[in-house]
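Please open the model in your viewer and keep the sequence panel beside it, since each stop on this tour begins with something to select. The stops move between cysteines, strands, nonpolar cores and a single serine.

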Amino acid sequence: MQTRKKYIFLTFLASWLLLFFFGGDQLRRFAFFTGRKGEAQRNWPRWTDRSLLKSFADPEELQRDGDPSLLSPRERRAAWLSVYRSSRCRMETCFDFSRCERHGFKVFTYPQERGQPVSETYGKILSSIERSRYHTLKPEEACLFILSIDTLDRDHLSGQYVRNVDEKIRGFPLWNGGRNHLIFNLYSGTWPSYTGELGFDIGQAILAKASFDTESFRPGFDISIPLFSKEHPQRGGDRGWLYQDSVPPKKKYLLVFKGKRYLTGIGSGTRNALHHIHNGQDIISLTTCKHGKDWEKHKDTRCDKDNVDYERFDYQELLHNSTFCIVPRGRRLGSFRFLEALQAACIPVLLSDGWELPFAEAIDWGKAAVVGSERLLLQIPSAVRCIHPERLLAFQQQTQFLWDAYFSSVDKIVHTTLEIIKDRLSPHRSRSRFLWNALPGGLLVLPDFSTHLGDFPFYYLQHGYSPSRKFTALIRAVSQAGSLSQPILRLIQAVSGSQFCAQIVVLWSCEKPPPPSGQWPQSSVPLTIIQGRRKLSDRFFPFEAIQTDAVLSLDEDTSLSTSEVDFAFLVWRSFPERIVGFPTQSHFWDPEQGRWGYTSRWTNELSIVLTAAAFYHRYYHSLFTEYLPAGLRELVDGLAACEDILMNVLVAAVTKLPPIKVTQRKQHKEVVAPQAECRDGAAGTPPPGQRSPSAPHSAPAQVKGTAGSRRFSQRQDCLNQLADWFGYMPLVSSQLRLDPVLFKDQVSVLRKKYPSLEKP
């Protein structure tokens, strides 16, 4: 009997030992995470802890919607995994980098199938891609593929839901299991749980999705985008509501919300609790349950009073006059009011636990939004009251920057998505987080140009950099050089006499070869001749010969003195992000014609500095050639005298600042140029009389002949086509002109640094 008990005891002991050795690791791991989770929860006050907070709401009101049909987080995760089978995808495992090596980052959109409906919003997305510089019509060149099937609305109760997507995409020969594909989605799931289910297997495709849940988001692979309405503009977009010195950091209301209140279902808990923070003074929190077909069946005791209070305030007025705007989750994690608050400079207070914020891979939302917790709603008012006014203003300014840089149009949302993917392909040449979160924004900073802040014209003041002390003169020549009396040779002599000139580059845009080196004047700086392609856009090509930060763009018959060049360069070094030059023109809105007008009259107003004689940063050559799509450069090459307008529009769109005019010795007058030896057969070269850069200031009535009239008309057409492409008019008007100290003052000439500027 004793032996039997002994064997039973040994068997029992052996079983425990086996359980400890083979299953103990899992038990220890479970206990560890359970303990950590408990610690994390204990760091926050619990609504039921009466010693910390007075209970204004039932625990279930904020922690659980109370609908038995709702899925738990584990169940939502399981449902997501059943759809996204490639849940562990990373760029290294699910993306073919070799497709991007030969032709670079090119994007191919599938051709539209006959009879396949496409929503207005998805049509805007496809149009944005097709208008971008990355679009290609050849699938063999593509690095990334976009489906023509509308995948934005995957709520099967929606009228825009596309059925049998799985069957359709499997028939595409380029699908390849979704590899190197990008899928856009705004709405996923349906009543009552609104999970992230799309209704088809995305395979190894990158998902650009609104209302992305952090549990289903694949970091470094997927992209979270904002939820935007079908009325969101294709390009351009309205500017933000915060104007310089227009409003104080603190406004009439501290914190506001006005929106729907869901009586049942997911998202109802947070919105049902918002009435607890309403005080009717500086905190306005209004909800209505009067929406949907059967709201009266579910209405509670607060509905009637809430509906009356709801009508007392205007939503737009609240946005304009509030410092903070509550952005709670709706049925899904994201909502339209997020972008509405950004545009209104109303600092978003996010109450949407588990939401992967839009473009969080690049954008630092801690500088523009307050990320709260749905469980700590009652602490939000005291938390936002503690923020210092200077910090409030910084928040508001950042909301305006982010709105304008990444969210104001469908174009910018789509292009930001593409640029984030492009940065992943070459991490060593990608934009830093600083570049994404500082003016002018990541879309306008090309990492292929440089990754060093000192190489861009925007960051000198912030980081203590300064532009180089020399400049390169780039002269565009379209006529044969002969004797020293010709303007181009006199111009070379004047420019080379500047103490700041590093070299002179002549862009030869003529069919005939340039004259031999012996016919060019001797100068103290290197003279380089570059054979152009005889296109007007060539003058802004990023030539390797240009190594200085400053570029002095000149036409061959521009007349400048050495003193004028020296003074203009010193002015430019103080404003390296702007165009600084001599001949100016301006634009205006013509209400009778309903279009933009262009004038070269001698007025105090200016918005364009012609590149016939202007300084600017060499980075704008790269931006002009690589950022702008080929269609705009073709427009420039097809219209005479349009390239300088496009450069001014581009710089104004980047800096939001006007150009700067400096003192000029003579007033230039426009005349019809004589027949040049470079004949009209040169592609892109304007015929005689269409381009006379020495006379940009005269009124249209002063231009002689039909050639001059045609040139002026083409410039006006160019201006309107550029405004249409950008979606708004980027040019900024100014009345500023910079003169040397003591310019034309009645003092001794010996006290003046540039006395020659006053000579006729």
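## Cysteines, single and paired

Begin by selecting C501, which counts as buried because its relative accessibility is 5%, below the 20% that marks the limit for a buried residue. Bear in mind throughout that this is a predicted model. For contrast, go next to C386, whose relative accessible area of 65% makes this cysteine exposed.

Now turn to the paired cysteines, for the structure holds five disulfides, and three of them are visited here. Select C289 and C303, which form a disulfide with their sulfur atoms 2.0 Å apart. This pair links distant parts of the chain, with C289 in the loop between β9 (283-288) and α8 (295-298) and C303 in helix α9 (residues 303-310), the two being 14 residues apart. Colour them by accessibility and both C289 and C303 come out as buried.

The next pair to select is C325 and C346, a disulfide whose sulfur atoms are 2.0 Å apart. Here too distant parts of the chain are linked, since C325 belongs to strand β10 (residues 322-328) while C346 is in the loop between α11 (337-343) and β11 (347-351), 21 residues apart. If you look along the S-S bond of C325 and C346, the torsion of 100° corresponds to a right-handed link, and C325 and C346 are both buried.

Then move to C642 and C718, which form a disulfide with sulfur atoms 1.8 Å apart. The connection is again between distant parts of the chain, from C642 in the loop between α20 (630-638) and α21 (643-655) to C718 in helix α22 (residues 705-726), 76 residues apart. The torsion about the S-S bond of C642 and C718 is about 65°, and the disulfide is therefore right-handed. Both of these cysteines, C642 and C718, are buried.

## Two enclosed strands

Select strand β4 (residues 181-185) and show its side chains. Five of its five residues are buried, so β4 is largely enclosed by the rest of the structure. Rotating the view about the strand shows both faces covered, with H181, I183 and N185 buried on one side and L182 and F184 buried on the other.

Add the neighbours of β4 to the selection. Strand β2 (residues 144-146) pairs with β4 in the parallel sense over two bridges, and F145 has H181 in β4 as its bridge partner. Strand β6 (residues 206-209) also pairs with β4 in the parallel sense, over four bridges, and in that pairing I183 stands opposite L207 of β6.

The second strand to isolate is β9, where six of the six residues are buried, so that β9 is likewise largely enclosed by the rest of the structure. Its two faces are both covered: I283, S285 and T287 are buried on one side, and I284, L286 and T288 are buried on the other. Strand β8 (residues 253-260) runs parallel to β9 and is joined to it by six bridges, with F257 standing opposite S285 in β9.

## The nonpolar cores

In soluble globular proteins, nonpolar side chains tend to be buried together. To see the largest nonpolar core of this model, which has 75 residues, select the members with the most contacts inside it, namely F105, I125, L182, F184, W365, Y406 and F407. Helix α14 (residues 410-425) gives the most to this core, with seven residues. Domain 1 (74-209) and domain 2 (253-406) both contribute residues, so the core lies between them.

Centre the view on W365 and display its surroundings: leaving aside residues up to four places away in sequence, W365 touches F338, L342, L357, P358, A360, L402 and F407. A second, separate core comprises 52 residues, including I546, V551, A614 and L731.

## A buried serine

For the last stop, select S148, which is found in the loop between β2 and β3 (153-154). Is this serine, S148, buried or exposed? At 1% relative accessibility S148 counts as buried. Draw a distance from its side chain, and you will find that a polar atom of S148 lies 3.3 Å from the backbone oxygen of P111. Beyond residues up to four places away in sequence, S148 touches Y110, P111, Q112, E113, V118 and Y122.

Methods:
Residues numbered from 1 in each chain as written. Predicted model: local features only at pLDDT ≥ 70, side-chain atom pairs only at ≥ 80, totals over all residues. Heavy atoms only, no water. Disulfide = S-S within 2.5 Å. Buried < 20%, exposed > 50% of the residue type's maximum accessible area, 1.4 Å probe, protein only. Core = buried A, V, L, I, M, F, W, Y, C linked by side-chain atoms within 4.5 Å. Domains from an automatic or database assignment. Contact = heavy atoms within 4.5 Å. Pairing = 2+ DSSP bridges. Polar contact = N/O pair within 3.5 Å; in protein donor to acceptor, adjacent residues only side chain to side chain.
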